[in-house]
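Trainee: I should like to go through this model element by element. May we begin with the strands and then turn to the helices?

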Amino acid sequence: MAIVEPMSSTPEGRRRLAIRSPATRQPVGEIVVSSPADVAEAIAGARDAQMEWRRVPLAERARIVRGAIDLLVEKREEVIRTIIDETGKTRLESLMMEILPGCDYLNFWCARAMKELSDEKRRLHGYLRPFKKLLIHYRPLGVIGVITPWNGPFSLAINPMTQAVLAGNAVILKPSEVAPYSGAWAVQLLREAGVPEGVVQTVHGDGETGAALVNGGVQKISFTGSVRTGKKIAAACAEQLIPYTLELGGKDAMIVCADADLERAAGGAVFNSMLNTGHVCMGVERIYVVESVADEFEERVKNIVSGLRYGLGDDVDVGSVFWDRQLPIIERHIEDAKAKGAEIVVGGEADTTLGLFYKPTFVRKVDHTMELMREETFGPIVSVMRVADEEEAIRLANDSHYGLSGSVWTKDIDKGIEIAKRLETGSVVINDASMAYGAPEAPFGGLKDSGVGQVNGLGGLRSYTHPQPILIDRWSMKKERVWYPHTPETIEEIDGMIRFIYGGALKRLGFFS
Ligand code: NAD
């Protein structure tokens with residue numbers, strides 16, 4: 001039941017991988033794996049193309065990239081077809097998690113490009129101001145390697161690519177081998193919009209191709225994927241002294257306070273646990289509900305999960321497991337939980353008669369001895385643990401080596417914010433979940449094992465640049481006062497200036513700051 005399988009090599013000896021739909025097991029395509037030599041060629045081409053692209057005026061770059069929105073809207077059915085074929089996710093999820101955010105990221109970043117990326121005059125402070133001027137030039141980095149996972153194969157590609165390209169870089173995308181053509185749509189749409197071919201390219205393949213890209217002489221890596229691969233990428237980037245961002249796995253906690261709106265909390269718990277078949281890095285993986293409201297919360301969860309329909313087509317709620325290698329992980333976590341005393345209220349088993357489906361599942365009486373509460377499960381499972389109070393919930397939520405996102409459910413927003421501040425996570429959502437990456441104004445990134453660096457946020461475009469300060473002398477006098485030769489007068493002059501500015505009332509009054 002594999003979905004990605006090795007095939008016989010091409011006559012030229014290139015590796016090939018066959019891709020089959022996880023929902024139907026029918027073939028949906030194949031990829032010829034890009035060799036390290038192919039990757040090197042792509043990078044060389046990208047380097048040349050980037051030299052031209054960075055000279056295209058910023059407003060024109062934004063105009064071109066913006067054209068991809070119309071194309072995405074127009075071709076959304078084709079894009080969705082590819083996504084569903086490769087992943088088995090539902091149509092609504094494809095619209096909501098891939099097409100809508102794709103349009104939104106393109107629109108948002110294009111609208112911000114002039115503001116964030118134009119050269120910026122910055123007023124110098126204090127004693128420097130009379131003598132020098134400062135200009136910040138947001139210099140593109142060069143060639144960016146974007147490496148993406150299989151769970152959000154289009155949106156997780158189009159977002160970093162849009163930002164990097166607007167900032168004047170060339171991008172080489174290495175999409176997941178599990179959903180390669182969903183990612184490649186991002187490249188195709190940008191090209192059709194008018195971004196030159198060398199500026200956006202796809203290299204296909206697995207870890208070997210990804211490693212060739214990381215080690216191929218690019219200027220930055222934007223990586224989204226697992227902790228295991230992220231660590232390898234961090235080591236390779238450190239060796240080359242190139243910047244990187246790592247958006248890695250999560251085990252997000254949901255805290256249901258005693259004063260939560262239980263109808264909303266139960267609906268949100270189920271949706272955010274099942275969304276994308278549970279394959280959401282910032283999806284709900286652990287729920288801590290305060291004992292006093294746990295009976296009602298669990299009853300509501302049970303009713304909702306019992307009514308969920310899984311399968312393929314437009315009238316289902318939950319799609320297939322996207323990747324054959326994920327299914328045994330889900331099964332192992334459930335078996336481990338059962339063996340340690342958890343109660344499966346709904347579901348709890350795979351259904352592989354047609355494809356790779358796992359029944360929407362509700363598990364209660366879980367605890368931290370179970371893998372289900374410690375490691376990323378990435379399955380359509382609602383896992384509920386009762387806690388005495390909110391303090392216990394916070395302590396358990398923080399008892400994790402992950403720290404991606406989390407959520408707090410309460411009618412008291414001030415309390416929710418206070419709890420949010422105590423969570424050891426990169427972001428927190430109150431009375432909703434799985435949201436943080438979808439709000440591009442919000443800087444997104446994980447703490448602990450969930451990542452390094454942040455993406456998005458106001459200023460996100462600038463993370464694909466080197467802010468280059470250009471300091472300009474104001475007066476072009478023949479000589480600066482401290483240039484040679486040094487004399488007792490210059491020493492006294494500088495010393496006097498220090499005393500005058502920092503040694504007395506001027507400092508207290510805030511002059512020169
Ligand atoms: P993965 O690490 O196995 O693969 C991710 C990408 O890296 C793929 O394109 C893969 O081919 C490539 N790759 C594999 N080995 C490589 C190597 N040695 N060098 C370079 N590239 C290599 O992850 P996955 O299974 O595709 O994705 C699922 C994971 O991604 C989950 O842990 C999920 O939580 C995480 N994720 C995180 C975010 C986030 O924003 N934090 C978003 C989505 C997914």
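**Strand pairing and a helix contact**

Mentor: Let us begin with a pairing in this predicted model: strand 9 and strand 10 (residues 244-247) pair in the parallel sense over 4 bridges.

Trainee: In strand 10, which residue is the bridge partner of Thr224?

Mentor: Strand 9 covers residues 220-224, and its pairing with strand 10 is parallel. Within that pairing, the bridge partner of Thr224 is Glu247.

Trainee: Strand 9 also pairs with strand 6; in strand 9, which residue is the bridge partner of Gly145?

Mentor: Strand 6 consists of residues 143-147 and runs parallel to strand 9, joined to strand 9 by 4 bridges. For Gly145, the partner in strand 9 is Ile221.

Trainee: How many of the 5 residues of strand 9 are buried?

Mentor: In a regular strand, side chains alternate between the two faces of the sheet. On one side of strand 9, Lys220, Ser222 and Thr224 are buried, and on the other Ile221 and Phe223 are buried as well, so that both faces are covered. Strand 9 is therefore largely enclosed by the rest of the structure, the number of buried residues being 5 of the 5.

Trainee: Turning to the open sheet of 3 strands, which are the edge strands?

Mentor: The strand order in this open sheet is 1-2-3, and the pairing is antiparallel. An edge strand pairs on one side only, which applies to strand 1 (4-7) and strand 3 (27-32).

Trainee: In strand 3, what is the bridge partner of Arg20?

Mentor: Strand 2 comprises residues 16-20 and pairs with strand 3 in the antiparallel sense over 5 bridges. The partner of Arg20 in strand 3 is Pro27.

Trainee: How is helix 1 placed relative to helix 7?

Mentor: The axes of helix 1 (residues 36-53) and helix 7 (residues 207-214) come within 9 Å and cross at roughly 40 degrees. Angles under 35 degrees would count as roughly parallel, and 65 to 115 as roughly perpendicular. The crossing angle therefore makes the relation of helix 1 to helix 7 oblique.

Trainee: How many nonpolar, polar and charged residues are there in the contact of helix 1 with helix 7?

Mentor: Helix 1 passes helix 7 in a right-handed crossing. Helix 1 contributes Pro36, Val39 and Ile43, while helix 7 contributes Thr209, Ala212 and Leu213. These contact residues divide into 5 nonpolar, 1 polar and no charged.

Note on methods:
Residues are numbered from 1 along each chain as its sequence is written. This is a predicted model: local features need pLDDT of at least 70, side-chain atom pairs count only at pLDDT 80 or more; totals for chains, interfaces and linings use all residues. Side-chain values use heavy atoms; hydrogens and water are left out. Axes are lines fitted to C-alpha atoms, for helices over the stretch in contact, and angles run from 0 to 180 degrees between N-to-C directions. Helices (H or I, at least four residues) and strands (E, at least two) are DSSP runs, numbered from the N terminus. Angles under 35 degrees count as roughly parallel, over 145 as roughly antiparallel, 65 to 115 as roughly perpendicular and the rest as oblique. A crossing is left-handed if the near helix is turned anticlockwise from the far one by less than a right angle, and right-handed if clockwise. Contact means heavy atoms within 4.5 Å. Ala, Val, Leu, Ile, Met, Phe, Trp, Tyr, Cys and Pro count as nonpolar, Asp, Glu, Lys and Arg as charged, and the others, Gly among them, as polar. Two strands pair if DSSP finds at least two bridges between them. Buried means under 20% relative accessible area, exposed over 50%, partly exposed in between (1.4 Å probe, protein chains only).
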